[in-house]
Amino acid sequence: MSKIIYTKTDEAPALATRSFLPIVQNFVKSAGINIETKDISLAARILAVFPDFLNEDQKVSDDLAFLGELAKKPEANIIKLPNVSASLTQLKAAIAELQSKGFAIPSYVDEPKTDAEKEINARYDKIKGSAVNPVLREGNSDRRAPKAVKNYAKNNPHSMGAWSSDSKTHVATMEAGDFAHNEKSVTLPEATSVTIEHTDANGNKTILKDKLNLLKGEIIDATVLSKKALITFFETEFADAKANGVLLSLHMKATMMKVSDPIIFGHAVRVYLKDVFAKYGKTFEEIGVDVNNGYGNLVENLKELPEAKQIEIKAAIDAAFENGADLAMVNSDKGITNLHVPSDVIIDASMPAMIRTSGQMWNAEGKLQDTKAVIPDSSYAGIYTATIDFCKKHGAFDPTTMGTVPNVGLMAQKAEEYGSHDKTFEIASNGVVKVIDASGATLLEHNVEAGDIWRMCQAKDAPIQDWVKLAVTRARASETPAVFWLDENRAHDAELIKKVNTYLKDHDTTGLDLRILSPIDATLFTCERLKDGKDTISVSGNVLRDYLTDLFPILEVGTSAKMLSIVPLMNGGGLFETGAGGSAPKHVQQLLEENHLRWDSLGEFLALAVSLEHFSLANSNPKASILGKTLDDATDKLLENRKGPSRKSGELDNRGSHFYLAMYWAQELANQNEDEALKAEFAPIAKQLSDNESVILKELIDIQGSPVDLGGYYEPNEDLINQAMRPSKTFNSILN
Ligand SMILES: NC(=O)C1=CN([C@@H]2O[C@H](COP(=O)(O)OP(=O)(O)OC[C@H]3O[C@@H](n4cnc5c(N)ncnc54)[C@H](OP(=O)(O)O)[C@@H]3O)[C@@H](O)[C@H]2O)C=CC1
Ligand SMILES: O=C(O)CCC(=O)C(=O)O
Ligand SMILES: [Mg+2]
C-alpha cells in the first residue's frame, strides 16, 4: 500500500516534528493513510555509512539511499523537512557525540595518510555539506507564498528596517578572473563520455575525472576562478572596507558548494590575517590549521601550542584585527565573526536578512552598521547590487502593499553549479585543463595556474524541458507574468536560452507574458512591479532558485519558512519541502535555555496539505483530499487568529501553535459534509479540544522558562525529546 514518508531531520524542525507528527498520524489514521518516518538526520546518515564499525543492535538502515531511489518512482510521496548541511565543524561535533554514546565510529582524519584513513574520510565527505537535498530532488522546484500567508503579512507586517539613500552598504564582486568571466559552455549533440584532464607545463597528464557519462542534449560548462585574481580582489576590498569605515562581510554557500566555497573562504581568512600567516604560516601547517574551515579552526588548533607561543600569536592576531576592517559579527556577545565558520553565514539567508535590516549587519559592539558584502564570483552578485540600489532609491519595501515573487527553479538531477562538487578541483600546478569526449575531441579548455579552482557543471535536457513546462503551467494557473532570469552574455545561459525558446514552442503560450531578462534587468523589472503591488514569477536556474526563494519571501513575509515548496518529481511522485529555509540552530538554543521553541511549522502544514491532495489523486482516496482541504482551512484560521509561535518565552510557542492547528483542523472536519464518517469521528474531538483549550494552553505555557535537557544535540534521547515536545497531558490524552 502506498504511504506518505515523513523525514526525521535535525535541530528545530526535528524538534517540531516530535510534536506535530503524532497529531498528523492520529488525524489521518482512519482515512487509511499510512505515515512512515525515515531518518535522514546527520547522526543517522553517519551511522548508516559505518555499519562495519557498529554492533548489530546499533546498525541503522541507509534511509537517504532508500529515499533517493523512491524519489525516482511514481508512488513517491515524501515530506522533507530541512536538515543540517554539515560543515566540517558540525560533522566533527556529531561524530564526537555519537562516539561518546558508545558508537565506535572512526574519527574524521584531518590529514589522512593511509588508505584506510582516506577511505574513512571519503565516506565522511559524502555526508558533508548539502548531501540530502540533491539526492532527493528528482524534480524541479515550485516555491510560492500562499494567498493566506501574503494576506497575513499584509495585515500583520513584520519589522522592516528603513533604507536611506546615503547608506554605504554595497556588494563587492570580481570584475575579471572569476567563474562568471571564464565560463565556456556547449550543448552535446550526442551522448558521450568525457574525461577531465590536467596537463602541466612539462606535459605531464593527470586525469581529474574519468569516463563521466553524459546524455544527448545535455549542457555542460566549465570555468575557472583565478587564485591570483581572487587574492588581489580580497586585498583591495578588505582595504577599502577599512578606509571607508564599513563592516566587512563575506557571503558564500559553503554547504551547497562544498568544494569550491571553503577554499575561497580559506583565502579570505588568510588575506585578512596576512601578516599573521606570513609570520606563523609554517607553525600553523605543523599543527594542522585549515582555515578553509574558517578562522575558528585556527583558534581551535592554537591550543596545541605551548602557552607562551599561544600568547604571542594571539597578540599578532589582535593586531591584525586592530589594523584590519571591522568584521561583521555572527554573535557579538561571544565574539564570533563572519569569518569564524563557513556555515554560519550562508548567502541565501544572510543577504536578505541584511537587506531587511536597512542593509546593516552587527558590529563587535552589537550595533548595526553599514556593510561591504563581499561576494567574490560575479555570476549572481548583481541581483543583490540591484536590490540594494533599488532600496537606496525607493526606500525599503512595504510588506503591507508589496506584491509577490513565486519561483520556478531548475533543480532536478543536480542541475548546474549545485551538482558540480564531484567535478571541482583545486589545481595543483600551472597548465591546462581539458574536457575531452569519447572521440578524443576537446570540448572545453582552460589555461590554469596552481591554486585556481576549476569546475564543470551539467544541466540535463529532460529536467530543462520539465522546467519550461512547469514555468508555463504556473504562469497559466496564476495568470502572472513570468521572467526567465537568463543572461544572453553568459555562456551557460546562452545555451539555456536556445533550449527555452525551443521548448516554449511545445506549449500553448497565447496570452501569457513570458520574458527572458538578464538577472540584473530581471531584478529591476521584478522590484519595480513588487513595489507597486504586482506579482512576477521568477523562472531561474538552481543557484538563483536558492537565492530568490529566500530573498523575496524574507522581504515579503519575514521568513522563507512560510513558503509552499513543492517538487513535482519527474516520474510522477511528489516531494513536499516544508518551507524554503533551514534548521535554525538559534531556535534550539532558545529551547534548551528557556524551554520555548519559536520555530514556525507553517511550511510543514502547507506541505502536508499538498501531500494529502497528491495522495488522494494517486490512490483514489477521497478522504485524503478532504483531510488536505480542511488542513488548509485550519491553517488559514490559524493565521487569521494569529496563533503562530511567538519569539518570547512564556508565550505561545511551536507546541501551542500545533494545538491550535489540531483544534481548527478537527473543527473543519467536523463542519464539512462530504464525508460523514470523518465528520462523526472528529466532532467529539473538536469539542474536547475546544472545551480544554485553557487547560492545555496553561500546561504548555507553565513548562516554559527553565532549561531543558534533551540528552544530546545531534542524537538526542528519544524519550527526553518526546517528553519535551509533548508536555500537555490533556492534549495527549485527547489525541490518543
Ligand atoms: N532545506 C534544507 O534542508 C535547508 C537546510 N539548511 C541548513 O540549515 C542550517 C541553518 O541555516 P541558515 O542559513 O542559518 O538558515 P535558517 O533558515 O535555518 O535560519 C535563518 C533564520 O530564519 C528564521 N527562520 C528560519 N526558519 C524559520 C521557521 N520555521 N520559523 C521561524 N523562523 C525561521 C530564523 O530567524 P530568527 O533567528 O530571527 O528567529 C533563523 O535564524 C544550516 O545547516 C543549513 O545548511 C538551510 C537551508 C535549507
Ligand atoms: O541543501 C541545502 O544545504 C540548502 C538548500 C537550500 O538552501 C534551498 O534549497 O533553498
Ligand atoms: Mg535556500
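This report covers salt bridges, aromatic pairs, a charged patch, backbone angles and long-range contacts in a predicted model.

In this predicted model, local features need pLDDT of at least 70, side-chain atom pairs count only at pLDDT 80 or more, and totals for chains, interfaces and linings use all residues. Residues are numbered from 1 along each chain as its sequence is written, chains are lettered from A and ligands numbered from 1 in the order in which they are written, and side-chain values use heavy atoms, with hydrogens and water left out.

**Salt bridges**

The whole structure holds 44 salt bridges. The term means a side-chain nitrogen of Lys or Arg within 4 Å of a carboxyl oxygen of Asp or Glu. Three of these pairs are tabulated here.

| Acidic partner | Basic partner | N to O distance |
|---|---|---|
| Asp 422 | Lys 209 | 3.9 Å |
| Asp 240 | Lys 372 | 2.7 Å |
| Asp 653 | Arg 655 | 2.7 Å |

Take the salt bridge of Asp 422 and Lys 209. Asp 422 sits in the loop between strand E15 (407-409) and E16, and Lys 209 in strand E8 (residues 205-214), so the pair ties together parts that are 213 residues apart in sequence. Helices (H or I, at least four residues) and strands (E, at least two) are DSSP runs, numbered from the N terminus. Asp 422 is partly exposed, at 37% relative accessible area. Lys 209 is also partly exposed, at 22%. On this scale, buried means under 20% relative accessible area, exposed over 50%, and partly exposed in between (1.4 Å probe, protein chains only).

The salt bridge between Asp 240 and Lys 372 also links distant parts of the chain. Asp 240 belongs to helix H9 (residues 227-244) and Lys 372 to strand E14 (residues 368-374), 132 residues apart. Asp 240 is partly exposed at 29% relative accessibility, whereas Lys 372 is buried at 1%.

Asp 653 and Arg 655 form a further salt bridge. Both of these residues are buried. Elsewhere, Lys 8, Arg 18, Asp 39 and Glu 718 are joined into one network by salt bridges that share partners.

**Aromatic pairs**

There are 22 aromatic pairs in the structure. One of them is Phe 425 with Trp 454, a stacked pair with 6.3 Å centre to centre and 25° between the planes. Rings of Phe, Tyr and Trp (its six-membered ring) pair if their centres lie within 6.5 Å; planes under 30 degrees apart count as stacked, over 60 as edge-to-face and the rest as tilted. Phe 425 lies in strand E16 (residues 424-426) and Trp 454 in strand E19 (residues 453-459), 29 residues apart. Phe 425 is buried, with a relative accessible area of 15%. Trp 454 is buried too, at 0%.

Ring pairs also build a cluster. Its members are Phe 233, Phe 234, Phe 238, Tyr 272, Tyr 295 and Phe 321.

**A negative patch**

Which residues form the negative surface patch? They are Glu 111, Glu 285, Glu 286 and Asp 290. Patches are made of residues with over 30% relative accessible area and no salt bridge; like charges are joined within 9 Å, nonpolar side chains (Val, Leu, Ile, Met, Phe, Trp, Tyr) within 5 Å. Asp 290 occupies the loop between helix H11 (274-286) and helix H12 (295-302). Asp 290 is partly exposed, at 33% relative accessible area.

**Positive phi angles**

Most residues other than glycine have a negative phi. Two exceptions are described here. Glu 11 has a positive phi near 50°. Glu 11 lies in helix H1 (residues 11-28) and is buried, with 8% relative accessible area. Lys 211 has a positive phi near 45°. Lys 211 lies in strand E8 and is exposed, at 59% relative accessibility.

**Contacts across the sequence**

Helix H1 also holds Ala 14, a buried residue at 5% relative accessible area. The C-alpha atoms of Ala 14 and Ser 41 are 8.5 Å apart, with their positions 27 residues apart in sequence.

Pro 585 is in helix H20 (residues 585-594) and is partly exposed, at 43% relative accessible area. From Pro 585 to Val 84 the C-alpha separation is 9.2 Å, although the two are 501 residues apart along the chain.

Technical notes. Areas by Shrake-Rupley, 256 points an atom, 1.4 Å probe, with all protein chains shown as cover. Lys, Arg positive; Asp, Glu negative; His and termini not counted. Charge placed at Lys NZ, Arg CZ, Asp CG, Glu CD.
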